[in-house]
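Here's a quick tour to read with the picture open beside you. Grab a pen and follow along.

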Amino acid sequence: MTDTVAAATEVTSATDAQEPLLAISGLAIDYRTGRRRWNPAVRGVSLRVEPGEFVSLVGESGSGKTTLVQGALGLLPAAARIRGGSIAYSGVDVTGWNDKRMALVRGNYVGFIPQDPNTSLNPVKRIGVQVIEAVRLNRPKADYREAALESLRTAGLHDAERVFHQYPHELSGGMKQRALIAIALAGRPKIIVADEPTSALDVTVQKRILDHLVGLRAELGIGILLVTHDLGVALDRSDRILVMQRGEIVEEGPVARLSAVPTAEYTKRLLDAAPGRHTGRLAPPTAGDTPSVLTARALTKTYQLRGRQELRALDAADLVLRRGTTHAIVGESGAGKSTLAGILAGFTTADGGSVQVGGREVIGLRRKELREVRRDLQFVFQNPYTSLDPRFTVARLIAEPLHAFRVAGDRKDRVRELLAAVSLDEEFLHRLPFQLSGGQRQRVAIARALALNPEILVLDEAVSALDVSVQAQILRLLVDLQARLGLSYVFVTHDLGVVRLIADDVTVMKDGAVIETGPVERVFHSPGHDYTRQLLDSIPGVR
Amino acid sequence: MTVPLALPRPLSLRRLGDLVHQPILVLSWLIVLVVIGWAVAPGLFTEFSPYEGDTGASFAPPSAEHWFGTDRLGRDLFARSVYGAHTTLTATLLAVLLAFGVGVLVGLIAGFSGGLVDTAIMRLVDVFLAIPSLLLAMVVVSVLGYSTNNVALAVGISSIAAFARVMRSQVLAVVTQDYVKAAYGLGVGRLGVMGKHVVPNALSSVIALAALEVGTAVLAVASLGFLGYGAPPPEPEWGLLVAEGRDFVAVHPWASILPGIALAVVVIATHRISTSLRKEARR
């Protein structure tokens, strides 16, 4: 409370000197859920961004942070309405402005960087044309091209001439995001609003993009409002952080204060959950010479692309998983880690190499023989929203492998036992997936994978689709299960923070090849390869 | 773990509540239910006989007694429409069931097996789709002989292709879902995956199509009846009713128009229902 009062007095004193670039006060936004039924998404939020300030808005999914930004930009979907509050840019109140008037504000005054660079550019127009669209409003026609090129260069695309003539599909994710930044900068805005600008990008790219945004702020003196779910990202670069939960700001303050002495319970939880801030492990590492349960040698996979091109997805990759340990596979997108996991699980056929599970060769098995291997080796998918059949109840989902293998005994008891193992109540038995949260779904998926008492679980980005606090719970669960059941995990992830929390061994991959492999302690403290070092430097939230 | 979760209200209650805001949909269901009532127990809806009329009262205009008026032989046209529902709807139902059953099976086989089997089946389906369905139905009836059952068979055959196409596209979409891959990963066999995961999830869109096809099939059956391919004359059948009144349409327009309107209303009602089912399927 005292914080809000302090903030309020600050605003009044600030107005004397200079108007804030963006001042939102008491904004409330509802979503329509039925006829005459409205559900509040943002409940009276106040926020301001001063010139040259880097402000981060942090919150988990469903906290209303994106809705807040859409409301500030006048880009709310048709099902939403502003119930109260005001929005002002440099003291000009734009509350209630229609779309035509707001269009003059967007681009000229406030630049917007959207979330997913892969879907935010028009695929049939060249980059140059799309940047010119944004330049057009406030430059003479003769300058269009030069202004667009300048904007692309400011956004960090050094080869602006070439990018100008390229189509979005010819660019990498990071370059597309830079093109979007160029579009946001093209109208020479005073403030940039970025909604999760790097969540769809690899960590090393994320680091470069965010560093560049910070540089732009210093160079152009603009204000930046960054919306993110990643507290680590916010801590690294902001001047001030606002933490949002269920449509309200629960804490606000300068970074140093907030990370040192968080006042809100929720902020403490978020800080505890952020994997990048931990240096220790959830459980002590398993040392030395435990026997291996899974050994992969020289796995190779090549995909035929259109034309006569080939893509080497996997190039002679090795992997040894020791009994009762966790072996993490890390790398950026396209590194071949999912292909490797798919081959281990028998979803993808390898072109060459060998995989031994418990002394049995898996490569080249026919479908029926492969089915037997599945008793020992189970797979957990990245996205719990797509890996559960929407028509199956939780009880039926967990019992499915028991039916498939005609396991004898009381299946209902076994299902209850499994549900308890993943810390879910029996009341969940008859729920359908849509009645579960993301974390609960992933627990169900884990319970299902454990049904046959496998020795090995292959987890493909199993916590990446979840919010950090939920992610922490699932990781805790995995560690507990490992201790109790002696499981061995192959843990595929792009998040090195997570690796440090739970893995014993780590394999770093790049472009289909294994770069480095070894115990986590060694690889993290004295990386033997430049790329590993670069990855480690990119972990957000490590200071 | 105790995550508070806002459970939706019980489904049935919520859906009933939503219906209040969709009067046209409610009306459509009422119309379809009444017409099904006509087909099942026509005696409850009219006191007149569809076959015997009062020749003295031929071509009586619509009145409180004869809602649709009477025809050339003084038969009550409302009674003939009510009894005609039986003939027309039975043929329609048979046609749609046949098309649905065969179409779903063919589409499932094509979508699930892929490769050569898929190509062969789908090119055959393309051929069927290229022939206008009414023409195809007329050819089939001409070969099999004129009767209501054969009309049903003909209309059914001519709509198999549409069902097969939709089913195949749905199957192809479902097969790529993670939960299908997950089921294989859990050791479920191919047939198990097909029966437990692919078919139930693919079927919802096909059911919406079935509702749409009911309307189309009613029209096709009536069209064949109108052209004289269906039930023989004394029998009341909607298409035949329209055809019988056609010669007198200038003097006694109600004899064709009122049964025609009844037919149109039923078709529109089924379309409305199909739209709502399709929306449900997308959820």
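Helix α12 of chain A, residues 265-273, lies across two strands, β9 (240-245) and β10 of chain A. Its direction makes an angle of about 105° with β9(A). Keep in mind that you're looking at a predicted model.

**The sheet in chain A**

- The strands that α12(A) crosses belong to an open sheet of 6 strands in chain A, and reading across it you get β6-β7-β8-β3-β9-β10.
- The pairing in this sheet is mixed.
- At the edges sit β6 (110-113) and β10 (248-254) of chain A, each of which pairs on one side only.
- Go from one strand to the next and the twist averages 15°.

**A pair of strands inside that sheet**

- Strands β3 (residues 54-58) and β8 (residues 223-228) of chain A run parallel, and 5 bridges join them.
- Want a spot to look for? A:Phe54 has A:Ile224 in β8(A) as its bridge partner.

**Another helix on the sheet**

- Helix α8 of chain A, residues 173-186, lies across β6 and β7 (191-195) of chain A.
- This helix runs at about 165° to β6(A).

**Zooming in on A:Leu121**

- You'll find A:Leu121 in a loop of chain A, between α4 (117-120) and α5 (127-135).
- Is A:Leu121 buried or exposed? A:Leu121 is buried, because 21 other C-beta atoms lie within 10 Å and the cut-off for being buried is 20 or more.
- Leaving aside residues up to four places away in sequence, A:Leu121 touches A:Gln130, A:Pro168, A:Lys176, A:Ala179 and A:Leu180.
- How far is A:Leu121 from A:Asp410 in space? The C-alpha to C-alpha distance is 55 Å, and along the sequence the two are 289 residues apart.

**Over to chain B**

- Chain B has 10 helices and 0 strands, so if you walk along from the N terminus you'll meet α-α-α-α-α-α-α-α-α-α, with the elements counted as DSSP runs.
- The C-alpha atoms of chain B fill a box of roughly 80 × 55 × 25 Å along the principal axes.
- Chain B has 283 residues, and 43% of them count as buried.
- Take the contacts in chain B with a separation of 6 or more: 68% of these come from residues 24 or more positions apart.

Notes:
Residues are numbered from 1 along each chain as its sequence is written. Chains are lettered from A and ligands numbered from 1 in the order in which they are written. This is a predicted model: local features need pLDDT of at least 70, side-chain atom pairs count only at pLDDT 80 or more; totals for chains, interfaces and linings use all residues. Helices (H or I, at least four residues) and strands (E, at least two) are DSSP runs, numbered from the N terminus. A residue is buried if 20 or more other C-beta atoms lie within 10 Å of its own, exposed if 12 or fewer, and partly exposed in between; C-beta atoms are placed from the backbone. Two residues are in contact if their C-beta atoms, placed from the backbone, lie within 7 Å. Two strands pair if DSSP finds at least two bridges between them. Axes are lines fitted to C-alpha atoms, for helices over the stretch in contact, and angles run from 0 to 180 degrees between N-to-C directions.
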